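The following questions and answers go through one protein chain, beginning with its aromatic rings.

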Amino acid sequence: MMILKKYFIQIMMMTLSLLILSACTSPPAPADTGITGQAVVGPTCPVVQAGQPCPDQPYQAMITVLDSSGREVTTFQTDTDGRLKINLAAGTYTLRPQSPQGMPLPMASDQEVIVIDGQFTDVLIQYDSGIRWRQWSVSSDQMKNKTLT
């Protein structure tokens, strides 16, 4: 009888654990709702001259998506053309572009995005290449805060 009681308690604890875990997971994002867009980097020319355009170039980037509470929802990589399409439930999100590991440049600012149910919100993530920065021997914090001396 004692063994049955022990197994019953273990089964109940496992069932309770599964119920708690299932309550913590987010519902799947609808297929027709989220964000789409592109990441670009620029400038890419050290000197821009009249009549010689120097457009921003597509940039393959890592982007972290945070919910309105600041919790990470997902991290994804744009394709080689910088394009992105991510399904997200309706809500307010922060896109946090990542710089290459260990490098301060290129860099991009966080961007707030409002996703409306049944729509894809278009975004443009603009990375600064750093080609115009006056100093190259600055700290990551200075680069992120753009406080150069």
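Q: How many aromatic pairs does a search of the whole structure find?
A: The model is a predicted one. Searching the whole structure for aromatic pairs gives a count of 1.

Q: Which geometry class does the pair of Tyr 59 and Tyr 127 fall into?
A: The ring centres of Tyr 59 and Tyr 127 are 4.6 Å apart, and their planes make an angle of 55°. Planes under 30 degrees apart would count as stacked and those over 60 as edge-to-face, with the rest classed as tilted. The pair is therefore tilted.

Q: How many residues apart in sequence are the parts that this aromatic pair ties together?
A: Tyr 59 is in the loop between β2 (57–58) and β3, while Tyr 127 belongs to strand β8 (residues 120–128). The pair therefore links parts of the chain whose separation in sequence is 68 residues.

Q: Are Tyr 59 and Tyr 127 buried or exposed?
A: The cut-off for a buried residue is under 20% relative accessible area, and for an exposed one over 50%. Tyr 59 and Tyr 127 are both classed as buried.

Q: Over which ring does the charged end of Lys 85 sit?
A: The distance from the charged end of Lys 85 to the ring centre is 4.7 Å. The ring belongs to Phe 120.

Q: In what order do the strands of the open sheet run, and which stand at its edges?
A: The open sheet has 4 strands with antiparallel pairing, in the order β4-β3-β6-β7. Two of them have a single partner strand each, so one side of each has no neighbour in the sheet. These edge strands are β4 (72–77) and β7 (111–115).

Q: What is the average turn between neighbouring strands of this sheet?
A: The angle is taken between neighbouring strands with direction ignored. On average it is 25°.

Q: Which residue in β4 is the bridge partner of Val 65?
A: Strand β3 (residues 62–66) pairs with β4 in the antiparallel sense, over 5 bridges. The partner of Val 65 in β4 is Thr 74.

Q: Where are cis peptide bonds found, and what is omega there?
A: One cis bond joins Gly 42 and Pro 43, with Pro 43 in the loop between β1 (34–42) and β2. Another joins Leu 105 and Pro 106, and Pro 106 lies in the loop between β6 (91–97) and β7. Omega is about -10° for Gly 42 and Pro 43, and for Leu 105 and Pro 106 omega is about -10°.

Key
Residues numbered from 1 in each chain as written. Predicted model: local features only at pLDDT ≥ 70, side-chain atom pairs only at ≥ 80, totals over all residues. Heavy atoms only, no water. Pairing = 2+ DSSP bridges. Helix = DSSP H or I, 4+ residues; strand = E, 2+ residues; numbered from the N terminus. Axes fitted to C-alpha atoms, helices over the stretch in contact; angles between N-to-C directions. Phe/Tyr/Trp six-rings, centres within 6.5 Å; stacked < 30°, edge-to-face > 60°. Buried < 20%, exposed > 50% of the residue type's maximum accessible area, 1.4 Å probe, protein only. Lys NZ or Arg CZ within 6 Å of the ring centre and 35° of its normal.
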